[in-house]
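These are my notebook entries on what I looked up, going from strand pairing to the core and then to one loop position.

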Amino acid sequence: MALKKTLAISFLMMMALCGVSMATVYQVGDSAGWTSMGQVDYQDWAANKNFHVGDILVFNYNNQFHNVKQVKRQGFESCNATSPIATYTNGSDTVTLEKLGHFYFICGYPGHCQAGQKIDVFVAPPTSNLSPVTSPQSSPSGSSSLYFSNLSWSLGVLLAFCLSGLAY
Ligand SMILES: [Cu+2]
């Protein structure tokens, strides 16, 4: 029992380490940051990147003039920020892409989304059978039991992934 626990903990630590080495941090808009001034085509910015589960977006902006609203597709398309999934207002906000699919972000200030301050980030699986693996960084507190229950099957996949990362 004690051994099992030790093993589990060491695996969790390894998963955390692997998560760190695997995650890519993207500053949205690169040096221009999150802006409505039109220097950045965010669709263009996102289009040439391969986002994966566990990657991190950083929104840097002046929070007197902008914010970040994560919205659903409809809100993205219509620039409607009235019912956001999440709101960020710090001015240097990190968002972990914790699952596959589209993440839509717009600025909630009037006219900014319409001016192009909106981004659709699509998170694709690296390969089809790796898709359910989530990075430890995406886990808020309290989800450790989930990791334990998923440990057995995800471990092999994760190990392979980590080892392939180390090989580079
Ligand atoms: Cu704005």
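Entry one, bridge partners. I looked up Gln70 in this predicted model and found that its bridge partner in E6 is Phe105. I then followed Phe105 onward, and its bridge partner in E7 is Ile119. On the other pairing of E3, I noted that Val68 stands opposite Tyr88 in E4.

Entry two, the strand pairs. I recorded that E3 and E6 run antiparallel and are joined by 3 bridges, and that E3 and E4, which also run antiparallel, are joined by 3 bridges. For E6 and E7 I found antiparallel pairing over 6 bridges. As background, I keep in mind that the strands of a sheet pair through backbone hydrogen bonds, in either a parallel or an antiparallel sense.

Entry three, the sheet as a whole. Putting the pairs in order, I get an open sheet of 4 strands that reads E4-E3-E6-E7, with antiparallel pairing. Strand E4 (86–88) and E7 stand at the edges with a single partner strand each, so one side of each has no neighbour in the sheet. From one strand to the next, I note that the twist averages 25°.

Entry four, the core. Which residues touch the most other members of the largest nonpolar core? Among its 22 residues, I found these to be Phe59, Val68, Tyr104, Phe105 and Ile106. The elements that give two or more residues to this core are strand E2 (56–60), strand E3 (68–71), strand E6 (101–106) and strand E7 (118–123), and E6 gives the most, with 4 residues. I therefore return to Phe105 and Val68 with two roles written beside each, since a nonpolar core is a set of buried residues joined through C-beta atoms within 7 Å, and both are listed here as well as in the bridge records, Phe105 opposite Gln70 and Val68 opposite Tyr88.

Entry five, Phe59. Setting aside neighbours within four places in sequence, I listed the contacts of Phe59 as Val28, Trp34, Val68, Tyr88 and Asp93. Two of these names, Val68 and Tyr88, are the residues I had already noted as standing opposite each other.

Entry six, Ala124. Is Ala124 buried or exposed? I found 12 other C-beta atoms within 10 Å of Ala124, which makes it exposed, because the cut-off for that class is 12 or fewer. Its place is in the loop between E7 and helix H4 (144–167). Not counting residues up to four places away in sequence, Ala124 touches Asn50 and Phe51. I also recorded that Ala124 and Val53 are 71 residues apart in sequence, while their C-alpha atoms are 7.7 Å apart in space.

Notes: Residues numbered from 1 in each chain as written. Predicted model: local features only at pLDDT ≥ 70, side-chain atom pairs only at ≥ 80, totals over all residues. Buried ≥ 20, exposed ≤ 12 C-beta atoms within 10 Å, placed from the backbone. Contact = placed C-beta atoms within 7 Å. Pairing = 2+ DSSP bridges. Axes fitted to C-alpha atoms, helices over the stretch in contact; angles between N-to-C directions.
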